[in-house]
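Colleague: Hi! Could you bring up the model and talk me through it?
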Amino acid sequence: MIARLAPALAAVALVVLAPAARAGFVFPVTFDDPGGGYAAYYRPIAQHVAAAGAIWDRHLGGEASLEVVVKFDPGTPRATGRSLTSSFAYQNWDGRYVYHQGAGAEIRDGVDPNGADPDIEIVLGPGYLRDELWFDPRPFARTAPVPTDRTDAVSVFLHELGHAIGFNGWRDLTTGQLPPTYASTYEAWSFNWYDDVYFYGPNATAAYGGRYVPLTRRNWPHVGNWDGLPGDDLLFDLMNGEKFYRGYRFDVSALDVAILADLGLPLQPAAAVPEPMSVGLLAVGGLLAARRARRPVRRT
Ligand SMILES: [Zn+2]
């Protein structure tokens, strides 16, 4: 009887002792591909979107399932990403109605603003998919060297999910002007200054050394500009709007996370940087322990 009970008790103990699992954010993928011409890519794309989603998940607090639909369009030179709906957030000081990206609203509130419909759309150009993107043999580990003549697919999906989550809006790409009556949460923290637009959210400003963050000229849902222009130190930022370096693995930056915090998205507490003082004390403690451990050995 006791013997039979033991496995059951062990199982109960495991359940109790296991840390509370956080469901977090998942990004299931479906394909809008009439005729199935790109079926060979379904598995790697779904896997790499999931890997990119898992990286965003490490930075964001909360849980939700964000449905991604992937399409293939010969008219798309590279890749695009966006939320398929938006969600009212607040009325700004200038009277404009401000909207979250739909996926951002779902991350924030845990409520899907468009029900069972896909939340996020990613469009891939067939040539870019076939000849440019590099699919990582281990997209979750991200340790294999990225070929110098290819663009890392996890980096691209990270970037496109960034647009869907928050880096987007309705500013006129050419003139840089906002629509008169509305803006995105990203645009509500921005202002025009001659040829440029700057993001001035408090978290982002702090992350950028106390300066306002220059957005990409005529590509405003991005940060940074070419050499010699405002923000040319941001060309390696995941959300830069100028270059996607081949042979390089982009990651979510502290600035990207700070911008999302300014948009009102909840951050994952685990993403906090460890206190330097604690690390130092631990190191000293470890050194003392090592000395104590060595002493008896030397005496013999
Ligand atoms: Zn982009």
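Modeller: Sure, and one term will help with the strands: two strands pair if DSSP finds at least two bridges between them. The strands (E, at least two residues) and helices (H or I, at least four) are themselves DSSP runs, numbered from the N terminus. This is a predicted model, so local features need a pLDDT of at least 70 and side-chain atom pairs count only at 80 or more, while totals for chains, interfaces and linings use all residues. Residues are numbered from 1 along each chain as its sequence is written.

Colleague: OK, what does the chain average for pLDDT?
Modeller: The average is 87, and 83% of the residues score at least 70. pLDDT is the predictor's confidence in each residue, on a scale from 0 to 100. Over residues 7-19 it is below 50, and that stretch has 0 contacts in the model beyond near neighbours in sequence. Here a contact means two C-beta atoms, placed from the backbone, within 7 Å.

Colleague: And which other stretch stays under 50?
Modeller: Residues 271-300, for which the model has 4 contacts beyond four places in sequence.

Colleague: Got it. How many helices and strands does the chain have?
Modeller: There are 9 helices and 14 strands. Of the contacts with a separation of 6 or more, 60% are between residues 24 or more positions apart.

Colleague: Let's look at a sheet. What is the order of the strands in the open one?
Modeller: S6-S7-S11, 3 strands with mixed pairing. S6 (86-91) and S11 (182-184) stand at the edges with a single partner strand each, so one side of each has no neighbour in the sheet. From one strand to the next, the twist averages 35 degrees.

Colleague: Mixed how? In which sense do S6 and S7 pair?
Modeller: S6 and S7 (residues 97-101) are antiparallel, over 5 bridges. Ser86 stands opposite Gln101, and Ser87 is across from His100. S7 and S11, on the other hand, pair in the parallel sense over 3 bridges, with Tyr99 opposite Ser184.

Colleague: What lies between S6 and S7 in the hairpin?
Modeller: A link of 5 residues, where Gly95 takes a positive phi near 90 degrees.

Colleague: Is S7 largely enclosed or left open?
Modeller: Enclosed: 4 of its 5 residues are buried, so S7 is largely surrounded by the rest of the structure. Buried means 20 or more other C-beta atoms within 10 Å of the residue's own, exposed means 12 or fewer, and partly exposed is in between, with C-beta atoms placed from the backbone. Across the chain's 300 residues, 38% are buried.

Colleague: Which residues of H3 are buried, then?
Modeller: Gly102, Ala103, Gly104, Ala105, Glu106, Ile107 and Arg108. That is 7 of the 8 residues in H3 (residues 102-109), so this helix is largely enclosed too. Just after H3, Gly110 has a positive phi of about 75 degrees.

Colleague: New topic: at what angle do H2 and H5 pack?
Modeller: About 60 degrees, with the axes of H2 (residues 42-59) and H5 (residues 153-165) 8 Å apart. That makes H2 oblique to H5. Axes are lines fitted to C-alpha atoms, for helices over the stretch in contact, and angles run from 0 to 180 degrees between N-to-C directions. Under 35 degrees counts as roughly parallel, over 145 as roughly antiparallel, 65 to 115 as roughly perpendicular, and the rest as oblique.

Colleague: Which residues in H2 and H5 meet?
Modeller: From H2, they include Val49, Ala52 and Trp56, and the H5 residues include Phe157, Leu158 and Leu161.
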